[in-house]
Amino acid sequence: MMLDLARLDQLQTASVLVIGDVMLDRYFIGDTNRISPEAPVPVVQVAHTEDRAGGAANVARNIAYLDGKASLLGIIGQDSEGRLLENLLTDDKVHSELLALNDVRTISKTRIISRHQQMVRLDMEDAFLPEQAEQIKQRFTELTNDYNTVIISDYAKGTLACVGDLIQTARRAGKSVLVDPKSKDFSLYRGATVITPNLSEFKAAGGNTSSEETLLSSARSMLTNAGIDTMLLTRSEQGMSLITQNEHHHFPADVLEVSDVTGAGDTVIATLGTLLSAGFELHQAAWLANLAAGIVVAKLGAATVSPEELAARASRQWSAKTSGYHPSVEQSLLHIDYARQQGERIVFTNGCFDILHAGHVRYLTQARALGDRLVVGLNSDASVRRLKGEGRPVNSLEDRMEVLSALACTDWVIPFGDAPEENDTPEQLIKRISPQVLAKGGDYSIDSVVGADFVQNNGGEVAILPTVEGRSTTGLIKKVRG
């Protein structure tokens, strides 16, 4: 399998329509230090709450976070939860086609979490009626031609009562259809391009897992009987298996640490659909979807994966053609916004980084440790020349970006200094990113750091980090020149 990670730049060409059961995921998070005197249950002292788009809505937001064009079709109530869900989707850059009805309530799931563990989940939901699902089918028919891939996310809440008609409508229009199933009767999804059951769903549908041979045999029988082309079977700690009548590819699990498996299946089908829509081959898309699952289960709650995270994980595993994925400035800024929305702490630093040396690496590693993500503002070639004189930079902007991007501590590298208003400083970039932490080397004081006032006035902090004595680009150049 040949894979060029630079093709991840094409994800913004993906166009995916998601239809299914949407819900609002609510999280109440706090510490637990005592047992209630009223009953033998732990008391959670709630420190903060989070609201996220869940169910089929989480599939759509995963697509958007991967730079794909995502539209979502589902049912909500005309209530505060529905309005909140639509606002969340707007923030997540998902185009909402939700049908708000008077006589239903928006499905919501509330999770009480303490010390990264779910204590209890509260579900508020009613099954939708067939006539309500019929309204969704009509809107789906109107929208299908505007997208090249359809994802059906079934949580058995009633939105997809007409699922067979939906699949046939999409296939007649020449669209690929991916299904995350809930029913144990896979024939309900007849005509689908790919079905993505987990191991429990596979067994409930009659799958035999007593051996690899019987698993493959029963999976192929199920595909034949249900009239489905391909199965991507998610197998928890065993990874994933991509199964067709003629091929079988197994992808071992790639999980560093499991924090929460909530929404992992949503990430798998969203990643698979986005990559297929962007032109990736099926087995390549499945391999990357497996890596995405490994990333997302290490996060708390219904989380997402960015193209940078996916490219970094793939680069560590793939020794063939991994020429770099380099997002545009606007893509990077969008991904930084997404990271902030998920509660990640953004650290910013900047410099020329002309000849990368040990002092740079130690400094950047220390900066990254101040938060969850590190953004490096990098002076353009013209800016370096103005600051350092003729003959500099030694390495071009493209080379400096590639070297910095390869560091494990660096999440985004964004050039600046070409626009007249930037004046060789990252002030405009800092204002656009609005980091929680602004880091600079020890030869600065806080009052001399560009952007310090802006960051502090917005509730952030400025960190002055120690420099490594005897390590500098200028010194290296002098030493080489003798």
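This passage walks through the packing and some local backbone features of a predicted model.

A good place to start is the inside. In general, nonpolar side chains of soluble globular proteins tend to end up buried together. Here, the largest nonpolar core has 54 residues, and Val-18 and Leu-72 are the ones with the most contacts inside it. Quite a few elements chip in with at least two residues each: strand 1 (15–20), strand 4 (69–73) and strand 14 (240–243), along with helix 1 (56–65), helix 2 (80–91), helix 7 (264–277), helix 8 (282–296) and helix 9 (307–317). Helix 8 gives the most, with 10 residues. There is also a second, separate core of 38 residues, and Phe-140, Leu-143, Ala-226 and Ile-243 are included in it.

Val-18 deserves its own look. Leaving aside residues up to four places away in sequence, Val-18 touches Ala-56, Val-59, Ala-60 and Ile-63, plus Ser-71, Leu-72, Leu-73 and Ile-151.

That list leads on to helix 1. Of the 10 residues in helix 1, 10 are buried, so this helix is largely enclosed by the rest of the structure. The buried residues are not just nonpolar ones by name: among them are Asn-58, Arg-61 and Asn-62, as well as Ala-57, Ala-64 and Tyr-65. Helix 1 is then followed by Asp-67, which sits in the loop between helix 1 and strand 4. Asp-67 is not a glycine, yet its phi is positive, at about 80°. With a relative accessible area of 10%, Asp-67 is buried, since the cut-off for that label is under 20%.

A positive phi at a non-glycine residue turns up at His-116 too, with a value of about 65°. His-116 belongs to the loop between strand 8 (108–114) and strand 9 (117–124). Its relative accessibility is 53%, so His-116 counts as exposed, the cut-off being over 50%.

Back to Tyr-65, and to aromatic rings. A pair of such rings is described by how far apart the centres are and by the angle of the planes. The structure holds 1 aromatic pair. Its members are Tyr-65 and Tyr-338, whose ring centres are 3.8 Å apart with the planes at 15°, so the pair is stacked. Because Tyr-65 lies in helix 1 while Tyr-338 lies in helix 10 (residues 329–341), the pair ties together parts that are 273 residues apart in sequence. Both Tyr-65 and Tyr-338 are buried. Tyr-65 has a further partner in Arg-61, which lies over the face of the ring, 5.3 Å from its centre. Elsewhere, Arg-52 lies over the face of Tyr-27, at 5.6 Å from the ring centre.

Next come helix 7 and helix 8, both contributors to the largest core. These two helices pack at an angle of about 145°, and their axes are 8 Å apart. The crossing of helix 7 past helix 8 is right-handed. On the helix 7 side, the residues that meet helix 8 are Ala-264, Thr-267, Val-268, Thr-271, Leu-272, Leu-275 and Leu-276. They face Leu-282, Ala-285, Ala-286, Leu-288, Ala-289, Ala-292, Ala-293 and Val-296 in helix 8.

One last backbone detail concerns a proline. Arg-392 and Pro-393 are joined by a cis peptide bond, with omega at about 5°. Pro-393 is found in the loop between helix 12 (381–388) and helix 13 (397–405).

Notes:
Residues are numbered from 1 along each chain as its sequence is written. This is a predicted model: local features need pLDDT of at least 70, side-chain atom pairs count only at pLDDT 80 or more; totals for chains, interfaces and linings use all residues. Side-chain values use heavy atoms; hydrogens and water are left out. A nonpolar core is a set of buried Ala, Val, Leu, Ile, Met, Phe, Trp, Tyr and Cys residues joined through side-chain atoms within 4.5 Å. Buried means under 20% relative accessible area, exposed over 50%, partly exposed in between (1.4 Å probe, protein chains only). Helices (H or I, at least four residues) and strands (E, at least two) are DSSP runs, numbered from the N terminus. Contact means heavy atoms within 4.5 Å. Rings of Phe, Tyr and Trp (its six-membered ring) pair if their centres lie within 6.5 Å; planes under 30 degrees apart count as stacked, over 60 as edge-to-face and the rest as tilted. A charge sits over a ring if NZ of Lys or CZ of Arg is within 6 Å of the ring centre and within 35 degrees of the ring normal. Axes are lines fitted to C-alpha atoms, for helices over the stretch in contact, and angles run from 0 to 180 degrees between N-to-C directions. A crossing is left-handed if the near helix is turned anticlockwise from the far one by less than a right angle, and right-handed if clockwise.
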